[in-house]
Each structure stands twice: as C-alpha cells, then as structure tokens.
Amino acid sequence: MKIGITCYPTYGGSGAIATELGIALAERGHEIHFISYAQPFRLPHFMERVFFHEVEMVHYPLFEHNNYSLALAAVMHEVALRERLDVLHVHYAIPHATSAWIAKEMLGDRHPVKIVTTLHGTDITLIGQERNFWEITRFSIQKSDGITAVSDYLKRETVDAFRVPADTIEVIPNFVDPGLYSRDRYPCWKTAFLRDGEKLVLHVSNFRPVKRVRDVVRVFARLTKEVPSRLVFIGDGPDRPEAVDEARMLGITDRVVFLGKQDSVAEIMACADLLILPSQNESFGLVALEGMASGVPVIASNAGGLPEVVDDGETGFMAPVGDVEAMADGAIHILRDPETWRRFSAAARRSATERYGVASIIPRYERYYERIVAGAPSEEPALVPAD
Ligand code: GMT
C-alpha cells in the first residue's frame with residue numbers, strides 16, 4: 001500500500017508512534033510518505049520506501065498568524081495525487097484530520113484517498129474540548145473514513161465527549177519494539193551519575209502541567225531517604241522550573257539530574273531501575289510501555305489509560321493522582337529488595353513484549369487499512385458484489 005503519514009514531528013508520543021509505525025510498515029514492503037513541517041525526530045536519515053515531504057510555510061505580511069493547516073492540506077493534496085496514496089493516516093486530530101479532509105475534498109473524483117485518524121490524547125481530552133475547537137474536532141473526526149484510538153479509555157472519552165458512535169472507533173494500542181527497548185542492547189553508563197549501590201530513577205516527559213513533575217520529585221524525595229538513589233529527568237517543557245524548585249525546597253538538588261531532550265531514550269532506559277509517571281491524565285502513557293519493555297518497573301497514577309498498560313502489583317504500582325505517599329510506598333517496596341525488583345522487571349518486560357510488541361500491533365494497522373480501503377470500517381468484511 002501507499003500510505004501518507006502526518007504527525008507532530010518533534011518530541012512526543014504521537015510523533016514517535018507515527019514514525020515507528022511508518023518505519024515498520026516500510027520494512028514490511030509498504031511505501032510511506034511522511035508529510036509534516038519537519039522530518040520526524042525518530043526517522044533515520046535514509047530508509048528504503050520512506051519519503052519525507054516538507055510542508056513549507058509561506059511568509060507574507062498579511063498572514064500575521066500561522067497558516068500551517070492550509071499549507072499542510074495543500075501538500076497532502078499534492079502528494080496524494082502525485083503518489084497515488086491509498087491512505088492518508090493522520091496522528092493527533094488537530095489540525096491534521098481537518099487538513100486531510102480539505103485535501104480529500106480538493107481531490108474530489110480525481111483520486112479516492114481514504115483518511116484514517118488516530119486519536120492520541122489531549123486532542124480529545126483537553127484541547128479538542130475547548131469551546132472553539134469542539135465542533136471542528138468532532139466534524140473532522142466524523143469525516144475520517146477510519147478512526148482509531150490508542151486505548152479503550154480514549155475510545156470511551158471520544159464517544160462521551162464528542163458523541164461519536166462507538167462502533168466507528170477501532171482501538172489499536174500503542175506499541176514498542178522490544179529489540180530497541182532492551183536492557184541487553186546497550187552498555188550501562190550508570191556510573192556517570194550514581195555512586196556505588198545507588199538506584200537510577202527516571203522520569204521522561206514534556207514537562208507540561210498534566211505530567212505533575214512536582215509529584216515526581218516528592219515521590220523520589222521519600223524514596224531516596226529509604227533507598228539511596230538519584231532521579232534523572234529527560235525532556236523539557238514549561239514545568240521544568242517547577243521540578244527544579246521542588247527539588248530545591250526538599251533539599252535534594254544534588255540527587256536530581258536534568259538531562260534535557262535526548263534522542264536516545266532507549267539507551268538511558270536500559271539502565272534505569274524505576275520509572276515514575278504520576279500524570280493527571282494519560283491516554284496511554286507510551287513512556288511507561290517503553291520503560292517496561294526495558295525491564296523498568298513503573299510507578300504511575302491510575303489515571304486514564306495507564307491501567308491498561310501497567311499491572312498494579314505486577315509490573316509496577318499505581319495510586320490515585322496526587323497520592324505521593326502511596327506511590328513512594330510502591331517505589332520503596334520494589335527497590336528495597338533485589339529479588340522483588342527482578343520479579344517486577346521481568347514481568348514488565350514480558351507484559352510489554354507480549355501485549356504491545358510491534359510485531360503484533362503493526363498487522364492490526366495493516367488489516368485496518370485494508371478494511372478502510374475496501375470501504376468497510378467496522379469488523380464485518382466488505383460486501384462482495386454478486387456477479
Ligand atoms: O496529547 C498529548 O498530550 C500529546 C501526545 C503526544 O503527542 O505525545 O501524548 C498522547 O499520546 C501519546 C501517544 O499515543 C500517549 O502515550 C500519551 O499518553 C498521550 N498524552 C496524554 O494523554 C496526556
């Protein structure tokens with residue numbers, strides 16, 4: 001198949017999934033055309049059957065505000081027509097699903113491309129529900145030929161908040177490559193940060209308020225009193241100063257390291273002992289899955305889709321949002337005893353690989369595309385016309 005993929009190309013779970021999906025599909029023989037304003041960050045420089053089409057912005061004095069959605073629609077239209085794309089697969093509804101709809105309207109009868117929209121999170125739970133955006137988000141979702149959501153939770157939210165019929169949304173969960181996220185793959189550089197016997201605790205995010213980075217520091221502060229450890233933050237964003245401030249207030253700045261944005265998160269995860277993700281909400285929590293595949297137990301809030309990823313008491317511990325004490329108890333329980341840690345680590349790796357391994361999820365996308373192209377978005381096969 002020929003598939004156009006649009007995503008946010010910078011750091012973020014939806015861009016990571018979209019890019020890795022494209023790479024995996026290309027490896028399975030499909031032709032992939034990424035359409036975005038920059039090359040997706042997880043895309044290696046050259047791969048067979050993978051193409052990148054940059055959406056260039058037109059700068060004109062009258063355009064005080066960015067016109068990306070229109071520029072994107074124009075490139076989608078051009079690429080779909082020239083390359084005869086079967087599917088335009090957009091990740092994150094806003095504005096990608098709207099741009100795809102414009103492109104399809106422009107194509108008219110000249111080329112019958114199908115639109116698949118994958119809902120990822122705040123496009124549904126936050127920004128899409130803002131008064132100005134609700135109507136256009138709903139419209140664009142409903143104009144898609146196929147809609148997927150990355151968790152059962154996100155599907156329920158979409159049905160409730162946008163009154164989209166449940167049977168029009170297919171849940172295809174996020175996935176992880178167990179070959180890439182693996183403790184055995186990389187040399188461990190722990191000694192760069194840790195003294196003998198200390199544990200490495202990790203948090204990876206875009207430091208937005210939804211991630212509750214102060215809670216990360218609070219959980220860690222209690223943990224490090226019981227189990228000597230260091231906290232490494234990866235990523236950057238508006239709430240980074242909050243985390244810095246919390247560490248200062250709790251007197252543990254010497255135990256907290258901020259690495260900023262990193263390209264090779266897998267390498268760092270491979271030496272971590274614990275991941276903390278106390279988010280206010282998380283439609284899936286890709287970073288938890290990547291940690292688990294790397295054999296890292298997870299301490300998380302039980303918000304949104306996180307309970308679909310983390311098994312409480314088996315691959316980590318979960319607690320209500322803001323319950324720092326319970327999260328710290330879970331962290332101490334896992335890290336205090338090496339045998340307990342080994343059990344959680346092995347279970348995390350097993351669960352991530354068996355339930356969300358790339359090899360089992362990619363064929364689900366392929367089958368879904370086939371259904372959509374055949375004009376049968378629900379489970380039933382397309383009706384074959386009688387002779
Ligand atoms: O919606 C967002 O906050 C951004 C988005 C992203 O691009 O990283 O994150 C969402 O999509 C990820 C990939 O499907 C999920 O793993 C994240 O849980 C989800 N974020 C939220 O729901 C807050």
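**Close-up views of the ligand site**

**View 1. The ligand and its shell.** In this predicted model, 16 residues surround the ligand, each with a heavy atom within 4 Å of it. The closest are Gly-13, Ser-14, His-120, Thr-122 and Arg-208. The shell holds four nonpolar, 10 polar and two charged residues. Here Asp, Glu, Lys and Arg count as charged; Ala, Val, Leu, Ile, Met, Phe, Trp, Tyr, Cys and Pro count as nonpolar; the others, Gly among them, count as polar. Residues are numbered from 1 along each chain as its sequence is written. Local features need pLDDT of at least 70, side-chain atom pairs count only at pLDDT 80 or more, totals for chains, interfaces and linings use all residues, and side-chain values use heavy atoms, without hydrogens and water.

**View 2. Oxygen atoms of the ligand.** The side chain of His-120 places an N or O atom 2.6 Å from a ligand oxygen. For the side chain of Asn-174, the distance from an N or O atom to a ligand oxygen is 2.8 Å. Leu-286 uses its backbone: an N or O atom there lies 2.9 Å from an oxygen of the ligand. The protein covers 92% of the 480 Å² of accessible area that the ligand has on its own (Shrake-Rupley method, 1.4 Å probe).

**View 3. Two domains around the ligand.** The chain divides into domain 1 (2-175 + 358-373) and domain 2 (190-356), with bounds from an automatic or database domain assignment. Each domain gives at least three residues to the ligand shell. The domain centres, taken over C-alpha atoms, are 30 Å apart.

Conventions
Polar contact = N/O pair within 3.5 Å; in protein donor to acceptor, adjacent residues only side chain to side chain.
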